[in-house]
Amino acid sequence: MSTTNTIKFNVGGRPFEVSRDLMEKHSETMLGKLVSEAWQADPEEPVFIDRNGNIFEYVLDYLRYGSIELPLNVPKSSFERDLDFYGLVPKEGEIKEKSLADMAAALRQDRDSAKSNFVSAQSKYEMFVFATEVHHQYIMKNQSSKKAVPVQILVNKIRENGDFGKDRCDYFTNQPERGVFLSYLGDLFGLRMATESEYEIRKNMYSSSSPTLEPRRNFFVTRK
């Protein structure tokens with residue numbers, strides 16, 4: 001009776017070492033019989049098998065897990081041929097193949113994920129620029145005031161100076177971007193958007209005929 005816990009194989013020149021328990025679970029197969037006490041005179045010596053070592057790697061995985069998903073470089077026909085040689089009869093659905101379509105789908109998913117991450121990073125950068133421009137306008141219009149006076153921010157002017165597309169400025173239509181913008185505005189510059197009452201009071205100080213006053217886009221900020 002052998003005391004070793006592993007069995008060594010030399011398959012087509014490739015060395016393998018697997019647990020004896022795995023082989024004993026498949027003792028009725030050709031592989032199991034090869035490593036049995038009756039067939040193997042010296043359990044310490046590798047069992048030589050004149051087959052494709054690259055395919056044998058997946059044969060072992062099939063024995064371990066009861067199923068296999070073959071990579072593109074291992075044809076299903078070659079794998080099934082070697083299974084037959086080893087005395088293994090797979091059930092329907094146990095052998096699957098990766099296809100070019102599957103690989104293309106996975107690559108598209110990776111591409112879309114990377115694109116989404118890029119958009120997120122781009123959006124954060126744009127909101128940082130937006131907050132910086134808002135702070136610049138606030139400072140320019142409120143240099144002499146020591147009070148928290150709401151200042152009107154002209155979005156059209158930010159569009160002219162900002163390093164981003166004009167549609168991105170309307171952060172009111174995108175709640176995630178709005179949150180990022182407000183976070184930058186408060187954490188970096190100590191500003192906040194004016195409340196509705198502050199907004200209305202200050203807005204009345206501007207001419208209603210002013211072409212730059214767009215209540216949906218222009219807004220007021222004040223100190224926190």
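This is a short tour of a small sheet and the salt bridges in a predicted model.

**Stop 1: the sheet**

Begin by selecting residues 151–153, 191–193 and 219–223. The first two of these ranges are strands β6 and β7, and residues 219–223 are strand β8. Together the three strands make an open sheet, arranged in the order β6-β8-β7 with antiparallel pairing. As you look across the sheet, which strands form its edges? They are β6 and β7, each of which pairs on one side only. Turn the view a little and look for the twist, which averages 40 degrees from one strand to the next.

Now keep β7 and β8 in view. These two strands pair in the antiparallel sense over three bridges. For a single place to rest your eye, pick R192 and look across to β8, where T222 stands opposite. In general, strands of a sheet pair through backbone hydrogen bonds, in either a parallel or an antiparallel way.

**Stop 2: the salt bridges**

Next, switch on the side chains. How many salt bridges does a search of the whole structure find? There are three, and the tour visits them in turn.

Select R14 and E57. Their side chains meet in a salt bridge, at 3.4 Å from N to O. Color the chain by secondary structure and you will see that E57 belongs to helix α3 (residues 53–65) and R14 to strand β2 (residues 14–19); the pair links distant parts of the chain, 43 residues apart. Show the surface as well: E57 counts as partly exposed, at 31% relative accessibility, and R14 is partly exposed with a relative accessible area of 30%.

Move on to R51 and D82. Here the closest N and O atoms of the salt bridge are 2.8 Å apart. R51 sits in the loop between β3 (47–49) and α3, while D82 is in helix α4 (residues 76–85), so this pair ties together parts that are 31 residues apart in sequence. Is each partner buried or partly exposed? R51 is partly exposed, with a relative accessible area of 23%, whereas D82 is buried, at 2%.

For the last stop, go back to helix α3 and select D61 and R64. Their side chains meet in a salt bridge of 2.9 Å, N to O. Follow the helix from D61 to R64: the two are three residues apart, so about one helical turn separates them. With the surface still on, R64 shows up as partly exposed, its relative accessible area being 39%.

Methods. Residues are numbered from 1 along each chain as its sequence is written. This is a predicted model: local features need pLDDT of at least 70, side-chain atom pairs count only at pLDDT 80 or more; totals for chains, interfaces and linings use all residues. Side-chain values use heavy atoms; hydrogens and water are left out. Two strands pair if DSSP finds at least two bridges between them. Helices (H or I, at least four residues) and strands (E, at least two) are DSSP runs, numbered from the N terminus. Axes are lines fitted to C-alpha atoms, for helices over the stretch in contact, and angles run from 0 to 180 degrees between N-to-C directions. A salt bridge is a side-chain nitrogen of Lys or Arg within 4 Å of a carboxyl oxygen of Asp or Glu. Buried means under 20% relative accessible area, exposed over 50%, partly exposed in between (1.4 Å probe, protein chains only).
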